[in-house]
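Here is a friendly walk through one protein model, meant to be read with the structure open beside you. Have a look at the fold before reading on.

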Amino acid sequence: MTLDETESKIADIKFEDAGCALCVACAEFMAIAIKGKSIIQALLMVEQFHKMVTGHTQFEPPLEKLNIIHGVSQYPMRVNCVTLAWHTLKVALSLV
């Protein structure tokens, strides 16, 4: 992850993943969704994503495409798969 010159926005993000299809797909969704967002916005998205995949909320436009993974809320064992990259992002941002 690269921050902008003010170190307040995510300028670029890349990932390497070797997991299940859901894990890889959600890491890609996350990378696309948070690019250009502030650190605070990204952290809020982490929380909202977790709420969404546990069936408590959904994303509003312009992030409604993330709702495609909402159905995983019916399979609690898969929630860890889809949130792994998001939790990793949260830890990385806490180190900034």
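On the side of α1 that faces away from its buried residues sit Ala21 and Ile32, both exposed (exposed means over 50% relative accessible area, buried under 20%, and partly exposed in between, with a 1.4 Å probe and protein chains only). Helices here are DSSP runs of H or I with at least four residues, strands are E runs of at least two, and both are numbered from the N terminus. This is a predicted model, in which local features need pLDDT of at least 70 and side-chain atom pairs count only at pLDDT 80 or more, while totals for chains, interfaces and linings use all residues. Residues are numbered from 1 along each chain as its sequence is written, and side-chain values use heavy atoms, with hydrogens and water left out.

**The two helices**

The buried residues of α1 are Cys23, Cys26, Ala27, Met30, Ala31, Ala33 and Ile34. They cover an arc of only 170° around the axis, so they lie on the same side of α1; the arc is that of the directions from the helix axis to the C-beta atoms. An α-helix has 3.6 residues a turn, so residues three or four places apart point the same way. The buried residues of α1 pack against β2, α2 and α3, where contact means heavy atoms within 4.5 Å.

In α2, the buried set is Ile39, Ala42, Met45, Val46, Phe49, Met52 and Val53. These residues fall within an arc of 135° seen down the axis, so they line one face of α2. The opposite face of α2, away from its buried side, carries exposed Ile40 and Leu44. Among the elements covering the buried residues of α2 are β1 (2-3), β2 (10-12), α1 (21-34) and α3 (79-94).

Both helices have the length you would expect, taking 1.5 Å times one less than the number of residues:

| Helix | Residues | Expected span | Distance between end C-alpha atoms |
|---|---|---|---|
| α1 | 14 residues | 20 Å | 20 Å |
| α2 | 15 residues | 21 Å | 21 Å |

Each helix is followed by a glycine with positive phi: Gly36 after α1, near 90°, and Gly55 just after α2, about 85°.

**The core**

Which residues touch the most other members of the largest nonpolar core? They are Ile34, Phe49, Val53, Trp86 and Leu89, in a core of 26 residues. Such a core is a set of buried Ala, Val, Leu, Ile, Met, Phe, Trp, Tyr and Cys residues joined through side-chain atoms within 4.5 Å. α2 gives the most to this core, with seven residues. Leaving aside residues up to four places away in sequence, Ile34 touches Ile10, Ile13, Ala42, Met45, Trp86 and Leu89.

**Cysteines and loops**

If you are wondering about disulfides, the count is zero, with a disulfide taken as a pair of cysteine sulfur atoms within 2.5 Å. The sulfur of Cys23 is 5.3 Å from its closest cysteine sulfur, in Cys20, which is too far for a bond. For Cys81 the closest cysteine sulfur is also in Cys20, at 3.7 Å, again too far for a bond.

In the loop between β1 and β2 you will find Glu7, which has a positive phi of about 60° although it is not a glycine. Glu7 is exposed, with a relative accessible area of 55%. Pro61 and Pro62 are joined by a cis peptide bond, with omega about 10°, and Pro62 is in the loop between α2 and α3.
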